[in-house]
Amino acid sequence: MEHRKNYRNATTYLRNLKGLVTLPIITCIEDLRALYKRRVPKMFYDYCESGSWTESTFRDNENAFKKIKLRQRVLVDMENRSLKTRMAGQDVALPIALAPVGFTGMQHADGEILAARAAETLGIPFTLSTMSICSIEDVAAKTEKPFWFQLYVMRDRDFVADLIDRAKNAGCSALVLTADLQLLGQRHQDLKNGLSAPPRLTLKNMLNMSLCPLWALRMLATPRRHFGNIVGHVDGLTDMGSLMSWTAQQFDPKLNWDDVAWIKERWGGKLILKGVMDPADANLAASSGADAIVVSNHGGRQLDGAPATIDALPSIVDAVGQDIEIWLDGGIRSGQDVFKAIAMGAKGTMIGRPYIYGLGAMGQSGVATAISIISKELDLTMALCGLRDIKDVTNSVIWRQ
């Protein structure tokens, strides 16, 4: 009887305490980032929120959007607005897709599944990374609509062929081939933190994880703590050490345009090439049979000193905008950034960090919050620029001094 009384007293105390705690008001993506930083171990926060070498391109991706000004229009009919469009032949609620992000299941337990569910609910595509924690089959079993799969090309082409076949069998509706990671960029934060999945049980890591108790409890409760697309699918790979060694050796520096033709033939469906930053490569991509290209510098995590993606976009649109669908990835932190990318010629965008902030901060509801924030900002910006349909956005909305 006594323990029941204690239990009731504790429950009442916690209920009253909950009423006194003020939850943060989330108004923008930056609010999610601040909350994310407090709730996720430093190793995985740094993996998301850093770039290669001096991180100049990582910073420029975001800052370049701030230099673009918009023309405000007034006294126009703003009713019945629509953000609906199509990306790679697929109807989408707004012109964004969730970009492939490795280690997503380390940002929050079962992270890829939760992000895919949020995207599915809000009517936009989710892209699963080859380096995901939840496997292709895991995500397919826990979602109802097709998602996209991102492919890294390894030296072991039998494994690559198997990955493509697994994506087809899971019903994935598009294949996103990442073209800019034949060699890994020099990522100082990841090296300093000893990035791994799961984290190595060093004193430093254990102290850091102890500061994120909810994250730790969720990770203990899930069996998904390794790279699900790789462990169990490659002979001899059973532990963290061999896995990290294998992936470090397996990215193929010989990947070239001939391989794109082989991948397209093997896949047989919609193919998107991600990582194009130069008009010459854009022309090759347009002639490769791909259905879309993504102007991307890997979030500033590959070639430090490369231009911001929004700065690289116009020349690529001029070169191949009539021949292939062009999207933009990198630096987007708001719906207004999406609007600017569309105005500069992109037909769609991909976002990575904003939804990771939401995932780490609040799980599936956090991803939905990030998407909803961007959607509302995009809709409001479009209206204040005097337009009602995202398909009508052109560079005429850009203010020029």
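**Cavity, pockets and sheet of the predicted model**

The largest cavity in this predicted model has a volume of about 40 Å³. The structure holds one cavity of 30 Å³ or more. Its lining is formed by Y152, V153, T178, L181, Q182, F251, D252 and L255, and when these residues are sorted by class, five are nonpolar, two are polar and one is charged.

Open spaces were examined next. The largest pocket has a volume of about 950 Å³, and 46 residues line this pocket, with Y47, L184, R187, D190 and R301 lying nearest its centre. Several elements take part in the lining of the largest pocket, since at least two residues each are supplied by the helices α3 (42-48), α9 (188-193), α12 (240-250) and α17 (353-384), as well as by the strand β10. Of the elements concerned, α12 provides the largest share, which amounts to four residues. By class, the lining of the largest pocket divides into 22 nonpolar, 15 polar and nine charged residues.

The second largest pocket has a volume of about 500 Å³ and is lined by 22 residues, of which A179, D180, Q182, G275 and D281 lie nearest its centre. Residue Q182 thus appears in the lining of the largest cavity and also among the residues nearest the centre of the second largest pocket. At least two residues of the lining of the second largest pocket come from α13 (257-267), and at least two come from β7 (270-276); the most is given by β7, with three residues. The classes represented in the lining of the second largest pocket are nonpolar, with 13 residues, polar, with six, and charged, with three.

The strands β7 and β10, which were named above for their part in the pocket linings, both belong to an open sheet of eight strands, in which the order is β3-β10-β9-β8-β7-β6-β5-β4 and the pairing is parallel. At the edges of this sheet stand β3 (96-98) and β4 (127-128), each of which pairs on one side only. The strand β3 pairs with β10 (residues 348-351) in the parallel sense over three bridges, and within this pairing the bridge partner of I96 is T349 of β10. Elsewhere in the sheet, helix α8 (residues 157-169) lies across the strands β5 (148-151) and β6 (174-178), and the helix runs at about 175° to β5.

Terms used. Residues are numbered from 1 along each chain as its sequence is written. This is a predicted model: local features need pLDDT of at least 70, side-chain atom pairs count only at pLDDT 80 or more; totals for chains, interfaces and linings use all residues. Side-chain values use heavy atoms; hydrogens and water are left out. On a 1 Å grid over the protein atoms alone, a cavity is a set of points where a 1.4 Å probe fits but cannot get out, and a pocket is an open set with protein on both sides within 12 Å along at least five of seven lines; lining residues have an atom within 4 Å of a point. Grid points are joined across faces, edges and corners, and a volume is the space filled by probe spheres set on the points. Ala, Val, Leu, Ile, Met, Phe, Trp, Tyr, Cys and Pro count as nonpolar, Asp, Glu, Lys and Arg as charged, and the others, Gly among them, as polar. Two strands pair if DSSP finds at least two bridges between them. Contact means heavy atoms within 4.5 Å. Axes are lines fitted to C-alpha atoms, for helices over the stretch in contact, and angles run from 0 to 180 degrees between N-to-C directions.
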